Structure formats: structure tokens, C-alpha cells
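Trainee: Could you take me closely through one part of this model, namely the packing of its helices around the main core? I would like the contacts, the geometry and the cut-offs behind each term set out in one connected account.

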Amino acid sequence: MNYVHRGKLITFEGCEGVGKSTQIRLLEKYLSDRHIPCLFTREPGGTPVGERIRELLKDDGLEMYCETELLLFEAARLENTRRVIIPALEEGRIVVVDRYIDSTTAYQAFGRGVDRHTVDTLNRYGSAGVKIDLTLFLDAPPFANTSRAACDRMENAGADFHERVYEGYKAIGLGEERFVSVPTLEDKHATAARIINVLEERGIL
């Protein structure tokens, strides 16, 4: 059952190094400049518990089972959804999340090979039934828009892993009306303008 809310939930998705953080910052500035009630958060993170979990998940010196990784992501998500996302949606705000359930499906199911049914079940639990209104997938190959070296557990997972994640995202988007692919191999401001157009077309702005 989906959780009914007054606000709008937008999720940003994409592979590593495609300019996602840049586009989120540009959207935050756009909404803030126009005094549009909004809230920006990230996963894993967004709460004290989530940020501590984020440190564990990014620590390249730690080894963990794929299933442990999945459960940590879902624990962080449950905290963020209940403590941050749902209250903001109830206030009628636009809530923008840097990664949400599709990241877990792409990275843990397609990338790591964890059973898809298990991932889907835990995604529903971790998101507390919250309905996503729009997913913006920044469609570019892994590390296409960055020159920095990989530096954490996920970034260092290897080229084959990141290719599976990319193909996973494409598979997730098939038949999902909420899922919009936005090419990012161009000027960042042109990409930002395209994102604003999508938000207007979907009635979010």
C-alpha cells in the first residue's frame, strides 16, 4: 500500500561520476531562489543514524557480505524516510532525494547479484510505502563526467560491476512512468534546464 502525501517526492538516480550532485545543487538553487518549499536529503544519510551508516558503507577498508550491505542501506532508508521525508511531504514540500530505492535495485540486485525479490521486498519496507512522484535518471556511463579517482567501496567495485549497475538502471526504467532519463553528456546548465522542463511537464512546478 502506498503512503498518501500532500507533497511531491523526486528522486535523483545515476551511476558514479555522472554529475548527479551538480544537478541536485543547481535544482536546489533554482527552487530556493523562487521560495518554493522544498527539502533536500541523501541516501544513505539524511539523519544521524544514516550518516553513521554511510561512513561504514563507504569505508574501502571494510569487507562485508552483499546482504549485509543491502540491510545497512535499508536501515538508513527507514530512518530517513520516517524522520525526514514523510514529515516534509506531510507539510506539502517538494522533497528531493539523492538516491532512493532504484539505487538499491541497481547496485545490490543488478550489481552485486542479490536476489531481486529480496531487494524489492526490503525496498518496500525501508521506504515505508512512500510513493515516488518522479525519478530523474541521469543517463550517462559510469564516471562519464568526472576526472577524480575512485575513492570508496562502491566506486572501487570494478568496471564490470558499474556496467551491470548502468544496465540495471535501464532495465528498471522500462515501463515505469515515473522514471525519466535525462542525458548528461552536455553543458551542465543545459542539463539543468532540461530537468526543470521535466518538472514543469509533470506538474511538479
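**The core and the helices packed around it**

Mentor: The largest nonpolar core has 37 residues, and those with the most contacts inside it are Ile10, Phe12, Leu27, Leu134, Leu136, Tyr169 and Leu199. Among the elements that supply it, helix H6 (residues 159–173) gives the most, with 5 residues. Apart from this core lies another, of 13 residues, which includes Val84, Ala88, Tyr100 and Ile132. A nonpolar core here is a set of buried Ala, Val, Leu, Ile, Met, Phe, Trp, Tyr and Cys residues joined through side-chain atoms within 4.5 Å; buried means under 20% relative accessible area, exposed over 50%, and partly exposed in between, with a 1.4 Å probe and protein chains only. Helices (H or I, at least four residues) and strands (E, at least two) are DSSP runs, numbered from the N terminus.

The model is a predicted one, so that local features need pLDDT of at least 70 and side-chain atom pairs count only at pLDDT 80 or more, whereas totals for chains, interfaces and linings use all residues. Residues are numbered from 1 along each chain as its sequence is written, and side-chain values use heavy atoms, with hydrogens and water left out.

Tyr169 is a useful place to begin, being one of the core residues with the most contacts. Leaving aside its neighbours within four places in sequence, Tyr169 is in contact (heavy atoms within 4.5 Å) with Glu13, Gly14, Cys15, Arg99, Asp102, Ser103, Ala106, Tyr107, Phe137 and Phe179.

That leads to the helix pairs. Two packed helices are described by the angle between their axes and the distance between the axes; the axes are lines fitted to C-alpha atoms, for helices over the stretch in contact, and the angles run from 0 to 180 degrees between N-to-C directions. Helix H4 (residues 101–111) packs with H6 at an angle of about 130°, with their axes 8 Å apart. H4 and H6 are therefore oblique to each other, given that angles under 35 degrees count as roughly parallel, over 145 as roughly antiparallel, 65 to 115 as roughly perpendicular and the rest as oblique. The crossing of H4 and H6 is right-handed; a crossing is left-handed if the near helix is turned anticlockwise from the far one by less than a right angle, and right-handed if clockwise.

On the H4 side the contact is made by Asp102, Ser103, Thr105, Ala106, Tyr107, Phe110 and Gly111, and on the H6 side by Phe161, Arg164, Val165, Gly168, Tyr169, Ala171 and Ile172. By class, these residues comprise 8 nonpolar, 4 polar and 2 charged, where Ala, Val, Leu, Ile, Met, Phe, Trp, Tyr, Cys and Pro count as nonpolar, Asp, Glu, Lys and Arg as charged, and the others, Gly among them, as polar.

Gly111, which is found in H4, is buried, with a relative accessible area of 4%. Apart from neighbours within four places in sequence, Gly111 is in contact with Ala106, Phe161, Arg164 and Val165.

H4 also packs with helix H5 (residues 116–126), at an angle of about 155° and with axes 10 Å apart. That angle makes H4 roughly antiparallel to H5, and their crossing is right-handed. Ile101, Thr104, Thr105, Ala109 and Phe110 of H4 meet Arg116, Val119, Asp120 and Asn123 of H5, and the contact divides into 4 nonpolar, 3 polar and 2 charged residues.

A third partner of this account is helix H3 (residues 66–90), whose axis comes within 11 Å of that of H4 and crosses it at roughly 175°. H3 and H4 are therefore roughly antiparallel to each other. Here Glu69, Leu70, Phe73, Glu74 and Arg77 in H3 meet Ile101, Thr104 and Gln108 in H4, a set of 3 nonpolar, 2 polar and 3 charged residues.

Asn123, placed in H5, ties these contacts together. At 4% relative accessibility Asn123 counts as buried, and, leaving aside neighbours within four places in sequence, it is in contact with Glu74, Arg77, Ile101, Thr104 and Thr105.
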